[in-house]
Amino acid sequence: MTRYAKHFGVYERVRCNTCVDSLAEVQVPGSSASSSTWILSVRTHDSRSQIHAARLIIATGLTNTPMLPSLPNSPAFAGPILHTRTLARDHAALTAPGIADVIVLGGSKSSIDAAYMLATARPGITAHLVIRDSGNGPAWLAKSYATPLKTPLEMLLMRRAVTCFGLPLWDDESVGYTWMRKLLHRTVIGRAVVDAFFAVIKSDMIAGMGLADHPETKKLMPSVDPFFTATSLGIDNYEGDLRELIREGRITVHTADIARLEADTVLLSSGEEVPANAIICATGWQERPNLTLEAPLTPKALGMPYYAIEKDALVARADAEIFARFPKLRSQPPQNPHASHNVTSNPSFHPFLLYKGMVPPAYLSQRNLAYAGFMACIAGPAMWHVQALWMTAFLDEALPVPLPEQGEVEYETVLYSRWSRWRGPQGPGAKHVECVFEALQYLDMLMRQLGLEWWRKGGVVRELVEAYESKDYAGVVEEWMRGRKGTSV
Ligand SMILES: Cc1cc2nc3c(=O)[nH]c(=O)nc-3n(C[C@H](O)[C@H](O)[C@H](O)COP(=O)(O)OP(=O)(O)OC[C@H]3O[C@@H](n4cnc5c(N)ncnc54)[C@H](O)[C@@H]3O)c2cc1C
């Protein structure tokens, strides 16, 4: 990372060990009400100061503030209660002599990682994976090679032929193969083909992970079809055999809520009593950036998540459009009737609302605020690279396409958010936009807006069957600069 930053001339602009505590917006004196700058209050280990900025890009990450559940009677528990965030730091303590049983809370990849780490640390440690009954159940785990053709998963999902099975909002004629997507998603036969495709993927994932082979591994079988899984998919990248650890009882799986903690025991809602020397919470992350907003700034105006009992008038219109365009999304997977802590079903939760996944609509005309890294996507490095260029062009008022009028921008932003919510209903898609099967078309759309070549493979057949990789987007900044005829970015 450091070498990368030095190579690209970023390093000398970085202030390490500096935390931004709060953010204020100030109007530019004598300007119209819609012209403002930013003041960031920052802190190092021994000083406090302010940074004044004409433009601001928030890139604080989706996974930096741990979400810790409140566990009944937790003061009585004698051992540590930790978050996976500090797993590397706490490894020695968690595997020290005297530790025999560790509870891992959670049903996604990070919980399996923690359980695997403990069970393989040394003989004598049992990891008890507790997947709450009131949540979304286990997330899908897959081998890194998919389909009977054994293609690397990320390569499979970045082939145009395969992305046609997705449901891109960015279904513009110029993206290409529109006829194929119409055939697949808007006809009965096409939808049967799509269903068959995902059935093959599902049975391949189940067989690959051996989920159906043992009563204990069956407990890791997700209830939602892979079609409705976006970025919450995990890859089995373990050196050893995860199934073997589960079959041997070195990892046990419990589907239950924690009813009560005692000094060295965890009582589960199923009635089980599980011995415990420590608890690791693989319970995810706070969705909002960890910045204090100085009044009158609000999360709502900044496009950040917030809780309030209020309706967004555009939601019903967006939902109607989504269900009309993508009939498959009408048949949503059933919600867990016991679900209690789910933002998807919490009517007061309002997700990130960012135009193109980057700009709060209220700041569109000011062009002084954008977000980097608040959209999740299978093709992360390529997407971040192209998004960074789009943001730079946007902030410089150099996008070659005109921006739509404000009302249209607000509607499109809600449309993205609702599409993501219905596309991955039990993952983080309800909090921020995520795309997996549609990542390539999202990139196409940004490239088109930048006036750059988005079909980059050199031939219709190669476009269809060759996977897009990060290297396909190498040089886009130079292409952009050439297109700007010598103007520096
Ligand atoms: C357990 C785990 C496994 C993952 N595995 C993969 C994987 O296999 N493949 C993959 O592609 N992606 C993976 N990801 C996702 C990947 O890590 C993220 O997509 C990526 O790190 C996002 O980069 P980012 O710069 O947006 O955010 P981050 O990497 O979170 O960086 C945010 C930065 O902002 C800083 N920051 C936050 N708040 C403040 C503040 N107030 N003031 C100053 N600085 C602040 C943080 O210290 C941090 O340096 C994984 C994530 C997790 C948590």
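Start at the ligand and select the shell around it: four nonpolar residues, eight polar and no charged. In this split Ala, Val, Leu, Ile, Met, Phe, Trp, Tyr, Cys and Pro count as nonpolar, Asp, Glu, Lys and Arg as charged, and the others, Gly among them, as polar. The selection to type is Cys19, Val20, Ala59, Thr60, Gly61, Thr63, Asn64, Ser110, Asn290, Leu291, Gly373 and Gly380. A residue gets in if its C-beta atom, placed from the backbone, lies within 6 Å of the molecule.

Two bits of housekeeping. You're looking at a predicted model, where local features need pLDDT of at least 70 and side-chain atom pairs count only at pLDDT 80 or more, while totals for chains, interfaces and linings use all residues. Numbering runs from 1 along each chain as its sequence is written.

**Zoom out**

Show the whole protein as a cartoon and you have 15 helices and 22 strands. These are DSSP runs numbered from the N terminus: helices are H or I with at least four residues, strands are E with at least two. Along the principal axes, the C-alpha atoms fill a box of roughly 65 × 65 × 45 Å. What radius of gyration does the protein have? The value is 24 Å, which agrees with the figure near 23 Å for a compact globule of 489 residues. That radius is taken over C-alpha atoms, and the globule rule is 2.2 Å times the number of residues to the power 0.38.

Now colour by burial: 34% of the 489 residues count as buried. Buried here is 20 or more other C-beta atoms within 10 Å of the residue's own, exposed is 12 or fewer, and partly exposed is in between, with C-beta atoms placed from the backbone. If you draw a contact map, residues 24 or more positions apart account for 70% of the contacts with a separation of 6 or more. A contact is a pair of C-beta atoms, placed from the backbone, within 7 Å.

**The nonpolar core**

Next, pick out Val104, Ala115, Val386, Ala439 and Leu443, which touch the most other members of the largest nonpolar core, a set of 101 residues. Helix H11 (residues 380–395) gives this core its largest share, eight residues. A core here is a set of buried Ala, Val, Leu, Ile, Met, Phe, Trp, Tyr and Cys residues joined through C-beta atoms within 7 Å. In soluble globular proteins, nonpolar side chains tend to be buried together. Centre on Ala115 and, beyond four places in sequence, you'll find contacts with Val104, Ala127, Leu129 and Ile251.

**Along helix H12**

Select residues 406–423, helix H12. Put a distance between its end C-alpha atoms and you get 26 Å, which agrees with the 26 Å that its 18 residues should span at 1.5 Å a residue. The expected span is 1.5 Å times one less than the number of residues. Which residues of H12 are buried? They are Thr413, Val414, Tyr416, Ser417, Arg418, Trp419, Ser420, Arg421, Trp422 and Arg423. The buried residues pack against helix H10 (314–325) and strand S22 (434–435).

Carry on into the loop between H12 and S22 and stop at Ala430. Ala430 is buried because 24 other C-beta atoms lie within 10 Å. Draw a line from Ala430 to Trp179: they are 251 residues apart in sequence and 30 Å apart in space, C-alpha to C-alpha.

**A few loops to finish**

Jump to the loop between strand S17 (292–293) and strand S18 (306–307) and select Glu294. With 13 C-beta neighbours inside 10 Å, Glu294 counts as partly exposed. Its contacts, leaving aside neighbours within four places in sequence, are Ser22, Leu23 and Ala24. The C-alpha of Leu40 is 9.9 Å from that of Glu294, across 254 residues of chain. Pro296 is in this loop too, and the peptide bond from Ala295 to Pro296 is cis, with omega near 5 degrees.

The loop between strand S19 (349–350) and strand S20 (369–371) holds Lys356, and Arg367 lies there as well. Check the backbone torsions: Lys356 is not a glycine but has a positive phi near 55 degrees, and Arg367, also not a glycine, has a positive phi of about 50 degrees. Lys356 is buried, with 22 other C-beta atoms within 10 Å, whereas Arg367 is partly exposed, with 15.

Last stop: Ile99, in the loop between helix H2 (87–94) and strand S6 (101–105). Ile99 touches Leu94, Ile125, Asn277 and Ala278, not counting residues up to four places away in sequence.

Notes:
Two residues are in contact if their C-beta atoms, placed from the backbone, lie within 7 Å.
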